[in-house]
Amino acid sequence: MIDATGIPAVIEQAFSFLKPGGQFLQFGVTPMEAVINLRPYDVFRHDWTIIGSFALCYTFEPAIAWLANRVINVSPLISHTVPLADFSNVFQQFAEGKTLKVHLQPA
């Protein structure tokens with residue numbers, strides 16, 4: 001199971017859905033002062049593995065290079081390309097489930 005929300009209440013609730021022997025990856029960024037309630041006995045009893053990931057450490061430069069050199073093709077991920085001035089319209093379309101990933105072009 002992976003948390004990408006960073007919302008403490010979601011993270012805490014996620015453990016109620018984690019199967020015995022399951023792995024939990026904390027990927028979402030929480031506020032520094034955030035705290036969750038987790039019983040260490042549950043980690044022991046259910047044989048859970050909890051993994052943290054500060055994935056931003058070494059990924060930006062290679063990712064930018066891959067995009068610049070066209071090593072990866074992201075066009076299938078982009079549902080719309082719009083001028084930055086159309087942000088409010090496309091944001092509304094996203095809220096209505098009409099877009100996936102939107103590429104905003106500077107003016």
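At 35% relative accessibility, E12 counts as partly exposed in this predicted model. The residue is placed in helix α1, which covers residues 8-14. Leaving aside residues up to four places away in sequence, E12 touches I36 and N37. The C-alpha atoms of E12 and V35 are separated by 9.2 Å, with their positions 23 residues apart along the chain.

The loop that follows helix α1 leads to β2, and F17 is placed in this loop. F17 has a relative accessibility of 60% and counts as exposed, the cut-off for that class being over 50%. From C-alpha to C-alpha, F17 and R39 are 15 Å apart in space, and they are 22 residues apart in sequence.

The overall arrangement of the chain was examined next. The protein has four helices and five strands. Read from the N terminus on, these elements run β-α-β-α-β-α-β-α-β. The radius of gyration is 19 Å, whereas the globule rule gives 13 Å for 107 residues; the value is well over that of the rule, so the protein is more spread out than a compact globule. Taken along the principal axes, the box filled by the C-alpha atoms is roughly 55 × 35 × 25 Å.

Burial, contacts and surface were computed for the protein as a whole. Of the 107 residues, 14% are buried, that is, under 20% relative accessible area. The exposed area of the protein is about 8,700 Å², and 63% of it is supplied by carbon and sulfur atoms. Of the contacts between residues at least 6 apart in sequence, 41% join residues at least 24 apart. The protein has 6 positive and 8 negative charges, and the mean positions of the two groups lie 9 Å apart.

Three of the strands form an open sheet in the order β1-β2-β3, with parallel pairing. The edge strands are β1, residues 2-3, and β3, residues 49-52, and each of them pairs on one side only. In general, strands of a sheet pair through backbone hydrogen bonds, in either a parallel or an antiparallel sense. Here, β1 and β2 run parallel and are joined by two bridges. I2 has L25 of β2 as its bridge partner. On the other pairing, β2 (residues 23-26) and β3 are matched in the parallel sense over four bridges. Within β3, I50 stands opposite F24.

The side chains of β2 alternate along the strand. F24 and Q26 point to one face and are buried, while Q23 and L25 point to the other face and are not buried. F24, which stands opposite I50 in β3, thus belongs to the buried face, whereas L25, the bridge partner of I2, belongs to the face that is not buried.

Two residues other than glycine were found with positive phi values. In D47, phi is near 55°. D47 lies in the loop between α2, residues 40-45, and β3. Its relative accessibility is 56%, so D47 counts as exposed. In R70, phi is likewise near 55°, a positive value in a residue other than glycine. R70 is placed in the loop between α3, residues 60-68, and β4, residues 78-83. With a relative accessibility of 74%, R70 also counts as exposed.

Towards the end of the chain, strand β5 covers residues 101-105 and includes V102. V102 has a relative accessible area of 30% and is therefore partly exposed. Not counting residues up to four places away in sequence, V102 touches S79, H80, V82 and V90. V102 and V90 are twelve residues apart along the chain, and their C-alpha atoms are separated by 7.9 Å.

Conventions
Residues are numbered from 1 along each chain as its sequence is written. This is a predicted model: local features need pLDDT of at least 70, side-chain atom pairs count only at pLDDT 80 or more; totals for chains, interfaces and linings use all residues. Side-chain values use heavy atoms; hydrogens and water are left out. Two strands pair if DSSP finds at least two bridges between them. The radius of gyration is taken over C-alpha atoms; the globule rule is 2.2 Å times the number of residues to the power 0.38. Buried means under 20% relative accessible area, exposed over 50%, partly exposed in between (1.4 Å probe, protein chains only). Contact means heavy atoms within 4.5 Å. Accessible areas come from the Shrake-Rupley method with a 1.4 Å probe; for residues, only the protein chains shown count as cover. Lys and Arg count as positive and Asp and Glu as negative; His and the chain ends are not counted. The place of a charge is taken as NZ of Lys, CZ of Arg, CG of Asp or CD of Glu.
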